[in-house]
Amino acid sequence: METITALIQEGEFFKLKQLLRNFQPAELVTLIENEDEREQLIIFRLLPLSLATEVFEYLDLDVQRHFLDNLAQDKMADILNEMSPDDRTTLLEFLPANFVAELIQSLSEPERKVTLELLGYPEYSVGRLMTPDYIAIRENWTVQQVLDYVRQHGGQSETLNMLYVTDAHGVLTDDIRIREILLSAPTVRVRDVMDRRFVQLLAGQDQEDAIDVFRRNDRVALPVVSDQGILLGIVTLDDILSIREQEDTEDIQKFGGSEALEEPYLTMPLLRLVQKRAGWLVILFLGELLTASAMQFFEGELKKAIVLVQFIPLIISSGGNSGSQATSLIIRAMALGEFKLSDWWQVLRREIVGGLLLGIILGIVGFGRIAIWQSITPIYGPHWLLVALTVGFALVGIVLWGSLAGSMLPLILKKLGLDPATSSAPFVATLVDVTGLIIYFSVALLVLRGTLL
């Protein structure tokens with residue numbers, strides 16, 4: 001990078017152009033994204049078309065947008081025409097509608113047709129991810145014919161790992177790994193190596209469903225078909241990994257008590273960023289107001305036993321933490337398909353036992369803390385044992401309740417057709433805060449009645 005920066009500063013662009021040819025695309029992506037905007041443009045301009053296209057496909061969307069805004073229209077039109085259709089569609093989805101219309105007009109007629117077809121599929125559908133660049137063969141061909149066809153047309157295919165067998169109407173009948181063809185004699189017919197067992201995706205299928213299909217099957221690409229079974233294109237693993245990253249990012253943002261961001265953090269307008277965060281903050285604030293209402297309701301008890309106030313933060317944090325743990329574990333397990341909604345009773349039983357054990361552990365720790373402090377400095381008065389029992393039993397109930405609330409809320413939202421990730425950790429913590437105080441003071445009334453209360 002120091003050498004490249006020095007060449008740019010000295011204006012030695014011919015030497016720099018020769019040097020850049022020795023870089024791999026992944027290295028160039030890292031290099032460009034670590035440079036300032038001016039240097040990014042200079043480096044990218046010096047790349048040959050094929051290499052520039054490959055690099056452009058793997059750049060972050062905000063860097064791609066920067067290049068579109070600042071590079072010559074002819075150069076960007078050439079790159080867009082060279083891009084694989086699925087990567088081009090992903091880029092166009094990120095851009096404003098009027099800008100997309102201009103870019104589509106700059107495409108060649110065949111590429112424009114393909115782009116419009118892909119953009120015509122519903123948003124977040126598999127059709128938006130697929131590419132029409134694949135190798136389709138017929139079952140009556142010999143292995144030699146297949147190899148000759150691959151040599152002639154394989155350069156335009158997104159991947160050569162899989163070959164797709166179609167009939168005269170374009171209906172998919174099988175997919176074959178290229179190794180099966182390479183290991184077969186030249187005179188063997190395709191039908192002789194077919195097993196007619198294959199996995200396919202529907203063009204209108206949700207992208208999240210495609211992630212699960214890829215996860216369950218050891219494939220680098222999967223065919224996409226119409227409702228009639230006609231082969232329309234393929235989806236490759238790199239596109240699925242990109243969607244997986246987006247989905248995980250959205251879930252993580254929601255876990256933190258914020259709406260999902262559609263743009264990178266630094267490029268998103270500040271007011272929109274505030275808007276994304278303000279809604280949940282207001283909801284959580286209003287929820288916490290219920291905590292104040294609960295304390296007002298038990299104001300008389302607090303005046304009589306002021307010692308109980310010392311343990312309110314302990315009680316609130318323990319319940320919120322247990323609920324946050326539970327909701328995070330359940331949402332992740334649901335995302336990985338580890339259980340179904342019909343398994344809710346099994347989840348409930350596990351959380352009852354687990355929450356009870358966790359509550360007992362924290363209850364013992366809380367009881368021990370009060371006992372140890374009392375033995376050192378008698379600050380809890382003559383009824384310290386009852387206070388310790390109150391804290392211990394309250395922790396058992398609150399942690400148990402937090403575990404149940406945190407585990408069941410995502411399942412309820414999923415049943416209602418809502419995103420389970422919206423039951424974020426802050427939301428569960430706020431819910432458990434209010435109910436935790438009620439449990440705490442109810443236990444105190446039972447244990448301390450006739451003494452402090």
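Begin by selecting Phe67, which counts as buried at 0% relative accessibility. The model on screen is a predicted one, and the tour proceeds from aromatic contacts to strands, a pocket and the annotated spans.

**Stop 1: the aromatic pairs**

Add Phe44 to the selection. This residue is likewise buried, with a relative accessible area of 0%. How are the rings of Phe44 and Phe67 arranged? The pair is stacked, with 4.5 Å from centre to centre and 25° between the planes. Colour helix H4 (residues 37-45), where Phe44 lies, and helix H6 (residues 61-70), where Phe67 lies; the pair therefore ties together parts that are 23 residues apart in sequence. Now show Phe56 as well, since Phe44, Phe56 and Phe67 form one aromatic cluster. In total, the model contains six aromatic pairs.

Move next to Tyr134 and Tyr164. Their ring centres lie 6.3 Å apart and their planes stand at 90°, so this pair is edge-to-face. Tyr134 is in the loop between helix H10 (109-119) and strand E1, whereas Tyr164 belongs to strand E2; the two are 30 residues apart, and the pair links distant parts of the chain. Are these tyrosines buried or partly exposed? Tyr134 is partly exposed, with a relative accessible area of 22%, while Tyr164 is buried, at 1%. The cut-off for burial is under 20% relative accessible area, which is why Tyr134 falls outside the buried class.

**Stop 2: the sheet that contains Tyr164**

Keep Tyr164 visible and display the strands as ribbons. Three strands make up an open sheet of mixed pairing, in the order E1-E2-E3. Strands E1 (136-137) and E3 (172-177) are at the edges; each has a single partner strand, so one side of each is left without a neighbour in the sheet. Select residues 162-166 to highlight E2, which runs antiparallel to E3 and is joined to E3 by five bridges. To see one bridge in detail, pick Tyr164 together with Asp175, its bridge partner in E3.

Strands of a sheet pair through backbone hydrogen bonds, so backbone atoms are the ones to display here.

**Stop 3: a hairpin**

Select strand E5 (residues 221-225) and strand E6 (residues 231-236). E5 and E6 pair in the antiparallel sense over five bridges; among the partners are Leu222 and, in E6, Val235. What do E5 and E6 form? They form a hairpin with five residues between the strands, and in the turn Gly229 has a positive phi of about 85°. Then turn to the surroundings of E6: this strand is mostly covered, five of its six residues being buried.

**Stop 4: the second largest pocket**

Select Glu57, Glu82, Ser84, Ser157 and Glu158. The second largest pocket has a volume of about 420 Å³, and of the 16 residues that line this pocket, these five are the closest to its centre. Which helix supplies the largest share of the lining? Helix H5 (residues 49-58) does, with five residues. The lining divides into seven charged, seven polar and two nonpolar residues.

**Stop 5: the annotated spans**

Finally, select residues 352-372, 384-404 and 424-448. An unreviewed UniProt entry places the feature "transmembrane region" at these positions. In the model, residues 352-372 are 100% helix and 0% strand, and the end C-alpha atoms of this span lie 30 Å apart. For residues 384-404, the end C-alpha atoms lie 30 Å apart, and the span is 100% helix and 0% strand.

Note on methods:
Residues numbered from 1 in each chain as written. Predicted model: local features only at pLDDT ≥ 70, side-chain atom pairs only at ≥ 80, totals over all residues. Heavy atoms only, no water. Pairing = 2+ DSSP bridges. Helix = DSSP H or I, 4+ residues; strand = E, 2+ residues; numbered from the N terminus. UniProt positions renumbered as here; feature names shortened; annotations may be inferred. 1 Å grid on protein atoms, 1.4 Å probe; cavity = no way out; pocket = protein on both sides within 12 Å on 5 of 7 lines; lining within 4 Å. Points joined across faces, edges and corners; volume = space filled by probe spheres on them. Nonpolar A, V, L, I, M, F, W, Y, C, P; charged D, E, K, R; others polar. Phe/Tyr/Trp six-rings, centres within 6.5 Å; stacked < 30°, edge-to-face > 60°. Buried < 20%, exposed > 50% of the residue type's maximum accessible area, 1.4 Å probe, protein only.
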